[in-house]
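Here is a report on a structure, written for someone who is new to reading them. Have a look around the picture first, then come back to the text.

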Amino acid sequence: MLSDWPILSLLTFLPLAGVLFLLLIRGDDQTVSTNSRLVALWVSGFIFFVSLYLYFAFDPAQPGYQFEEQASWIKGGGINYHMGVDGISMPFILLATFLTPLSILASWSIKHRVRDYMIAFLVLETMMIGMFASLDMLMFYLFFEGVLIPMFLIIGVWGGPRRVYAAFKFFLYTLAGSVLMLVCMMAMFVQEGTTDIPALQLASFAPALQFWLFLGFFASFAVKVPMWPVHTWLPDAHVEAPTAGSMILAGVLLKMGGYGFIRFSLPMFPDASAFFAPYIFALSVIAVIYTSLVALAQSDMKKLIAYSSVAHMGFVTIGIFSFTEQGLSGAMFQMISHGLVSAALFFCVGVVYDRLHTREIKAYGGVADVMPRYAAWFMLMMLASVGLPGTSGFVGEMLVLVGAWQASGLTAVLAATGLILGAVYMLWLYRRVVFGRAESQAVLEMAPLARREVMIFVPLALFVIWLGVFPALLLDVMNPLIAQMISQLGSLAPASAKAF
Amino acid sequence: MAFSANDWIAFLPETILVLFALVVTLLAAWAGDNPKGRQLVRQTVLLAYALALVAVMVGQPERTELFNGLFVAGGVLSWFKGLVLAGAFAAGWMTTQKWDEGVERAEYPLLVLLASLGMCLMISANDLMALYMGLELQSLPLFVIAAMRTRSLKSSEAGLKYFLLGALSSGMLLYGASLIYGFVGTTSFAGIAETLAAGPASAGVTVGLVFLLSGLAFKISAAPFHMWTPDVYEGAPTPVTALFAIAPKVAAMALLLSVTHYAFGPIAAQWSQVLVALSVASMLVGAFGALRQTDIKRMMAYSSIAHMGYALIGLAAGTAEGASGVLIYMTTYLVMGAGSFAIIMSMRRDETPVQKISDLAGASSTHPLLAAGMMLVMFSMAGIPPLAGFFGKWYVFVAAVNAGLIPLAVIGVLASVVGAFYYLRIIRLMYFQEPDETLDHGMPRQNQAVLLASLAVIVLFVFAIGPLRDYASQAVQELTGNLAVYSAVSSASYSG
Amino acid sequence: MAYLSLFTFAMLMLVTADNLVQLFFGWEGVGVASYLLIGFWYHKPSAHEAAMKAFVVNRVGDFGFALGILAVFALFGAVSFDEIFVAAPEFVNVSVAFLGVQIPALELVSVLLFIGAMGKSAQLGLHTWLPDAMEGPTPVSALIHAATMVTAGVFMVCRLSPVIEYAPFALDLITVVGALTAIFAATVGMTQFDIKRVIAYSTCSQLGYMFFAAGVSAYPAAMFHLTTHAFFKALLFLGAGSVIHALSDEQDLRNMGGIWKQVPVTYAMMWIGSLALAGFPFFAGFYSKDMILEAAWGAHTGVGQMAFWLGCAAALLTAFYSWRLLILAFHGTPRASKEAMDHLHESPGVMLWPLLPLAIGAVLAGWLGYELFVGHDMARFWGDSLLILPEHGAMEAAHHVPLWVKLLPVVLAAAGVVGAVIAYVLIPGLPGRLAEAFAPLYRFLFHKWYFDELYDRVFVQPAVRLGHQFWQRGDRAVIDGLGPDGISALVMRLSGQLARLQTGFVYHYAFAMLVGLVVLLSWYFSGF
């Protein structure tokens, strides 16, 4: 029976089996490239189907961890191999397994060192799934940091002209954040004698200690999210990363920060979270407005979308620290939705980049003439990004605002201006790229969408709309858990935030 | 004085090395000037390491005092001895016939053998006299082999510098030892511990301890006693550098461990302070110093300084946990060092060894195995999980946090971020750049074997960490029994 | 066509919504459809600029709407109309702290939701998108930007009457904004030359009427005007489209004229539309507009009076610009280009037939609907869907106003027509001379009160500049400069310093060791 299998370990390490396959491919360069692509695609596609089992076998009514696996690892040390998912981590695993095959499919334009590229992607998938499935803090950290290795290479080897700068910035920025978290993890380990996440969630740390622990974890997660003002690695990393790298980076890796806040900061340091909530609101609001304005000033498509990611993730942090059910589930929804939409938007850029080899907005215009179907997909994703009702983007933002309104009216009002600004920069981008009359010869010669590209758009669009129309698809999975979390946090609503 | 047979069995590894040293001396004198003879010498020495290693592994599991307490064997020391011997074996094995620059001479393996003997004695030392003897037996051959490349000015200069500064450090150490003897009245570690436990230590003892520690800091090249390291690493022939990077550090760290935790265990609060200073200085010097290096061996020198700084964190914690952290750290250090030098030793262009970092440019497309190996080693050295280097850091930092040395841990992790930069720089060269001139193809078989073994450990360390940690926390118990309650006090202070 | 289906779907969602979220859903849906249709001719820069403007300005409204929904949810814990309406009276005296100020809860909700309505219904301040939206195809203008979508704001305000009734300040605000819009749009309409823009401003102005009707609690009157307006405004738009088509896509009134004989059907239709718009007796507009003005008068409040007088002035102007349009478009000497005149023809049946039912509506809708909407059958027709508190008696009082109040609008309309005839037929030079004589005023009106310029200066340009500053100064100079780049530069400098210490001289090394020893010793002892 499938239910007896260690499904999470299987999911986590299946990509590594794919890596073995890739290493076994023999032949001339052409054969290796072609086969590597196909192997990676099939492996990741297979993993996605296996991961669907998670969704269907998952019991949403039960808020605890499911599919748990435990094995002793560092016996004497209170550190064990412990995996399991709940309503919060399971959607992220699906997001990761869903986006990976699409990203691989979007990587057909990678021409050199295809095998290495695919290996990096599959290793990345292992790290992502493992991170979301880990119920041991040390394991979590292993996967959390392990992500840096393949991503560093993906940006650095297959990236754009300033890839070295971007890769280093990405790596060192995030590393600097996470090592502080590491020290805090050690302190928790020292005090509790275990790194087991469920056990630590039950442990109560002294408020003074919580204060420091919160800051340490914050350093890591804030960089990952990224929150203002530690967001500056993101535009560079996105701009230089290859299309698929950006898709995964925006689609999954940014969510690691939000996930961390929900998994660690809220349940383990509730007092400190409540204490810091107003500051986080302030930073998030700045992120929403500031980066939206910056996005407005961009002339590089990818940079614009990268900045828009920062703004959208600002909603996530507001939702998480609103200490309300709506806010938290809105934040979750927003993360999943942003994962799909931003991946799709980066792919939109990738499609035209593959044809024109520039990301300058100025070089385009009138794309609708030559690629009408592309214009339609782009339009859909653009509208989802601005949070149009009926798309997934709306549900998340609205829920977050509902939560924020209850926590702090000012935050809600200021964050809601992001809705206006978001519309401005996205529509402006769309207008400059797609509308108008195609004038440059290069644009006129752009090939219409290939079937492979449509195959990437279709599933993304499907889920964007599906989630927009039936948000229960996702909300049902996580709401019992979120309700439980909020009731445990109980009276800890950010008291000082009420003063706003 | 009568020595029991038991003593000799416990002393078997050293005995094997001594006997082989005698044999090899004869062998070298007899057949040293023809290639076949040299080959024989080399293989005999390797055999000596192998046999000694076997002897270590099958030997006394418990800690046993030998020769009236002059030496001690078994227990955790066996682990360190095993590391040293394995390291010496790897370094000697990779020093193939291809190498000239002096290391092809028959006396080279012999000198290394003698130095290894010295290292084993250092690890076994249980008395200030034995300590000094082992130290000097280790140092003198190393001075010579650092200058082995006689036609190279740099090599001679390195040897001379190493010798002069080594003499200075020996002087400090000896002075410290005599102060301690003067104030405590015994040179035996056990005796020192006993006396210190009995009552408050006089200032003379502490001054002596500082001198002693300074001398030992020189051996592990902890800042500010590190200045020789970059020059010697750069100047010495690469096989010598490889040896330097691997074996003596482990031995000296083991010695430092027994001196502090065992002999001076009762006054842990006092040496801990010194070690904190050394540790911070080393981490910073190591991290910052390496950034601008263009010579890969020089860079590795700074890298090893930084690594010693991290290992010192574990020592500075002054707890059993810290000691076991050091054991884990030094194990990973040795494995990573062996792996990295397996690669550095195979960097050749037109049959000549090269050692510029930029020589690695674009290696990923021309030498995929080499580049992939180097990448993993570098990520591991930077402490990126899930590779081996991370676990070493995890345990020393955990010990520091537990001992209340949180600022030290924070400095440590931040220094590791800076350190990550120069490790990444190598990866960048190999992976993000196109090659201009390619290195020679074909890595020697021995290097391949060492590299693969090292990579296997680095990648699969996640599986080994459980048993290793269990072993380490068990094994260090006997060394750390003398530690004062100091650690318990300080760890309580932060958790409020 | 797919866009139109989308629009119809969303519009139905909107009007059938039984909760605010569904209403918002439809609201945004029609917004997207409108965006797509305005930008239908995406080759034209002005078209996609207008499309974007429409979307963004509407977003500003949505900003208020969304916050309004949040406020409703926070207040009532529900978003369905049933629950809100039942609960509303209980919250009359509840106030909430909003941005540090205590505000009556229902006022807050109502004002926020009204901001949403302002955006969609192009009320003063958020009106700038509507005239530009005329870049879309003319039938779209007729359907979306005249008859249906733009009235969604009015619909919403009426729909939410059970809440808004308890918010006197919000009602006053609605009245004032509506009245100002009515007069503002009418003044601008007088000076425009694009035939569709003139009609668009007229739409804007009529929406103003509807709002101030709602503001004085005369919701039935607002809905009535909404209905009649749909007929004659769609008629006018389609008629204008027919004119434009006849003149080979010419939209500028200055390039028309003298064509009424060639396009008799269109001409007649435009007459009917204009008569209805100006509120001539027994045309549709007469009933609804008079009703609104009477209600405003009957409200017996300060703002009601203001709305009444502004509404009357707007009625004068409405008639003026309608006949200005008619005269410029159809009479006088032909000013169109030769080719256009050569191709001049009446539109085909497929364009003309649809005008007929609209024309019938424009004539009869007022007469037929009067009793039902605002007359004796009013209570039966509206049932519980509209709530008018007893103390808001404007609707009742409207039936009992002095005669002069009833007559004034008609008289003013007639005066407007006469004025237009004088200015554009009898003394052709007059408008030009007047424009010169009152040049600043004329320019002010012609440039639509400088709203676009103002917004450009106050919002658009600063936002872009600020974004640029944030990016270059904030991100690059400050955050990166002090953060990663600055730190790495510092680290590299330190590293250089450290490298300088490594001199290579053995006595330096020995010195360092000794210094190290001394430092250790002294630190050690000072630590005691």
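Let's start with the surface. Chain A exposes about 14,200 Å², and carbon and sulfur atoms supply 67% of that area. Keep in mind while you read that this is a predicted model.

**Chain A as a whole**

What is chain A built from? It has 21 helices and two strands. Its C-alpha trace spans about 65 × 55 × 40 Å along the principal axes. A compact globule with 500 residues would have a radius of gyration near 23 Å, and chain A, with 22 Å, agrees with that.

How much of chain A is buried? Of its 500 residues, 72% are. You can also ask how far along the sequence the contacts reach. Among contacts in chain A with a separation of 6 or more, 82% are between residues 24 or more positions apart.

Then there are the charges. Chain A carries 24 positive and 26 negative ones, and the mean positions of these two groups are 11 Å apart.

**Chain B as a whole**

Chain B has 21 helices and four strands. Its radius of gyration is 21 Å, close to the 23 Å that the globule rule gives for 496 residues, so chain B is as compact as a globular protein of that length.

The rest of the overall picture for these two chains fits in a small table.

| Property | Chain A | Chain B |
|---|---|---|
| Span of the C-alpha trace | about 65 × 55 × 40 Å | about 65 × 60 × 40 Å |
| Buried residues | 72% of 500 residues | 69% of 496 residues |
| Share of contacts (separation of 6 or more) from residues 24 or more positions apart | 82% | 81% |
| Accessible surface | about 14,200 Å² | about 15,000 Å² |
| Distance between the centres of positive and negative charges | 11 Å | 6 Å |

In chain B, carbon and sulfur atoms account for 67% of the accessible surface. The charged side chains of chain B number 24 positive and 26 negative.

**Cysteines**

How many disulfides does the structure hold? Over all chains, the count is zero. Two cysteines are still worth finding in the picture. A:Cys184 has a relative accessible area of 9%, and because buried means under 20%, A:Cys184 counts as buried. B:Cys120 is buried as well, with a relative accessible area of 0%.

**A threonine and a tryptophan in helices**

Next, look for B:Thr331, which sits in helix 14 of chain B, a helix that covers residues 320-344. Is B:Thr331 buried or exposed? Its relative accessible area is 7%, so it is buried. If you skip the neighbours within four places in sequence, B:Thr331 is in contact with B:Trp79 and B:Leu83.

Over in chain C, C:Trp323 belongs to helix 15, which runs over residues 302-330. With a relative accessibility of 3%, C:Trp323 counts as buried. Which residues does C:Trp323 touch, not counting those up to four places away in sequence? Its partners are C:Trp271, C:Ser274, C:Leu275, C:Ala278, C:Phe280, C:Val417 and C:Ala420. Now pick out C:Ala477: it is 154 residues from C:Trp323 in sequence, and the two are 60 Å apart in space, C-alpha to C-alpha.

**Loops with unusual backbone angles**

Some loops are worth a visit for their backbone. In chain B, the loop between helix 9 (203-219) and helix 10 (228-235) holds B:Pro224. The peptide bond from B:Ala223 to B:Pro224 is cis, with omega near 0°. B:Ser221 is found in the loop between helix 9 and helix 10 too. Phi of B:Ser221 is positive, near 50°, and this residue is not a glycine. B:Ser221 is also buried, at a relative accessible area of 0%.

Where is B:Pro386? It lies in the loop between helix 16 (368-381) and helix 17 (388-402) of chain B. The bond leading to it from B:Pro385 is a cis peptide bond, with omega near 5°.

Last stop, chain C again. C:Lys448 is in the loop between helix 23 (439-446) and helix 24 (451-482). Although C:Lys448 is not a glycine, it has a positive phi of about 55°.

Definitions and conventions. Residues numbered from 1 in each chain as written. Chains lettered and ligands numbered in written order. Predicted model: local features only at pLDDT ≥ 70, side-chain atom pairs only at ≥ 80, totals over all residues. Heavy atoms only, no water. Rg over C-alpha atoms; globule rule 2.2 N^0.38 Å. Buried < 20%, exposed > 50% of the residue type's maximum accessible area, 1.4 Å probe, protein only. Contact = heavy atoms within 4.5 Å. Areas by Shrake-Rupley, 256 points an atom, 1.4 Å probe, with all protein chains shown as cover. Lys, Arg positive; Asp, Glu negative; His and termini not counted. Charge placed at Lys NZ, Arg CZ, Asp CG, Glu CD. Disulfide = S-S within 2.5 Å.
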